[in-house]
Amino acid sequence: MSARPKILLLGEIDHAHKQWEALSEIGDLIKPQCINRNEFIEECKSGKLDGVVAAYRTLDSVSITGLIDEELVSVLPKNWKYLCHNGAGYDQIKPDACSNRDPPLFVSNTPVVPDDATADTAIFLMLGALRNFNTSMAALRRGDFKGNPPPALGHDPEGKTLGILGMGGIGRNMKRKAEAFGMNIIYHNRRELTSEMAGGAKYVSFEELLKTSDVLSLNLPLNAKTRHIISTEQLRHMKPSAVIVNTARGPVLDEAALVDALEQGVIAGAGLDVYEEEPKVHPGLVKNDKVVLLPHMGTWTSETQAKMECWVIDNIRSALTGKGLLSMINEQKDLGLDKAK
């Protein structure tokens, strides 16, 4: 009789404890003993993780493993076939390294589930930046009520143009919510969406998106091509009255360039939930009242967190019962679903 597969937990389960424990029906649940990357690599080499077939991975587990890159993938047990990541974005994982391993390490993420909460966060940041709320909020906490002198008047969203860079699930969700405020929606992707997917949003060039948006929302994944996709040159193409919102990943936006643009009046404001060097935040952003700041709260609701955890667990259960991953990352779709079973 063959040994039961081991299911490794990288990080912590905060909500779906019953669902996680239920995986013990199909495998042995284990955790690593290490606390850093070097120790994790040694644990893999020692054979202590032999028998691991699937792993649940959280964003914070990067403190244990470091990036899932060529070096790390090369020492993983050969039986380890599935890496199920809790998060829509997976920039801590190098897809090529996973795909090129022999045999491949198949990766899943959690699309769709974070869309509502992240889009809600983007709307909050957009309204705060447009209305210039942060200036008076800071003054109020200093005991100065609205501020003296009062802040410059903000702007209503109605009739303004929301430009979405990256019209995936979160971008489309934000589009629907922004339409309730009477906003016009334009977008830019690598490829134009079908009319049904676009839902009436107008496809424009990258340059037109920058020039015509009153609000520019960044909703694209982080990769080598999107890092600093918005920097000094792009900011100079925007309206002086425009604001920029980032709920994607910090490095898609050049923070130093943004600080300069705000200080020079190139654009009017910003709303940020993500940062280039989290948890470090550029001091020029912290001291600027034109910027609404959140500490990566996009999916920080009990409902969304629970759903995301359950989604990861469902991926593991599906994979280990021969049905394959439910949401394999796009970069691996060409490997074939049959190979991932």
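In this predicted model, the span of residues 65-330 is 36% helix and 13% strand, and its end C-alpha atoms lie 23 Å apart. The UniProt record, an unreviewed entry, gives this span the annotation "domain: D-isomer specific 2-hydroxyacid dehydrogenase catalytic". A further annotation from the unreviewed UniProt entry, "domain: D-isomer specific 2-hydroxyacid dehydrogenase NAD-binding", covers residues 124-298. Over residues 124-298, helix makes up 32% of the chain and strand 15%, with the end C-alpha atoms 10 Å apart.

A good place to begin looking is the sheet that can be traced through strands 6 to 12. Seven strands form this open sheet, and they are arranged in the order 8-7-6-9-10-11-12 with parallel pairing. Strand 8 (202-203) and strand 12 each have a single partner strand, so these two edge strands are left with one side that has no neighbour in the sheet. As a reminder for readers new to sheets, strands pair through backbone hydrogen bonds, and the pairing may be parallel or antiparallel. One pairing to pick out by eye is that of strand 6 (residues 161-165) with strand 9 (residues 215-218), which run parallel and are joined by four bridges. Here L162 has V215 of strand 9 as its bridge partner.

Strand 4 (residues 82-85) offers another view of parallel pairing. Four bridges link strand 4 in the parallel sense to strand 3 (residues 52-57), and R57 finds its bridge partner in H85. Strand 4 also pairs in the parallel sense with strand 5 (residues 106-108), this time over three bridges, with S108 of strand 5 as the bridge partner of C84. In a regular strand, side chains alternate between the two faces of the sheet. Strand 4 is covered on both faces: Y82 and C84 are buried on one side, while L83 and H85 are buried on the other.

Two helices show how buried residues link one element to another. In helix 7 (residues 133-141), the buried residues are N134, S136 and A139, and the packing partners of these buried residues are helix 6 (115-130) and strand 12. After helix 7 comes G143, which has a positive phi near 85°. Helix 12 has E255, A257, L258, V259, A261 and L262 among its buried residues. The buried residues of helix 12 pack against helix 11 (232-236), helix 13 (283-286) and strands 10, 11 (269-272) and 12 (291-293). Just after helix 12, G265 has a positive phi of about 75°.

The start of helix 12 is worth a closer look, and D254 is the residue to find there. D254 sits in the loop between strand 10 (243-246) and helix 12 (255-263). What is the nearest side chain of opposite charge to the buried D254? That side chain is R227, 10 Å away, and D254 has no salt bridge. A salt bridge would need a side-chain nitrogen of Lys or Arg within 4 Å of a carboxyl oxygen. D254 does, however, make a side-chain polar contact of 2.8 Å with S231. In addition, a side-chain oxygen of D254 comes within 3.2 Å of the backbone nitrogen of A256 at the start of helix 12. Leaving aside residues up to four places away in sequence, D254 touches H228, I230, S231 and E276.

Technical notes:
Residues are numbered from 1 along each chain as its sequence is written. This is a predicted model: local features need pLDDT of at least 70, side-chain atom pairs count only at pLDDT 80 or more; totals for chains, interfaces and linings use all residues. Side-chain values use heavy atoms; hydrogens and water are left out. UniProt positions are given in the numbering used here, feature names are shortened, and annotations may be inferred rather than shown by experiment. Buried means under 20% relative accessible area, exposed over 50%, partly exposed in between (1.4 Å probe, protein chains only). Lys and Arg count as positive and Asp and Glu as negative; His and the chain ends are not counted. A polar contact is a pair of N or O atoms within 3.5 Å; within protein, one must be able to donate a hydrogen and the other to accept it, and residues adjacent in sequence count only if both atoms are side-chain atoms. Contact means heavy atoms within 4.5 Å. Two strands pair if DSSP finds at least two bridges between them.
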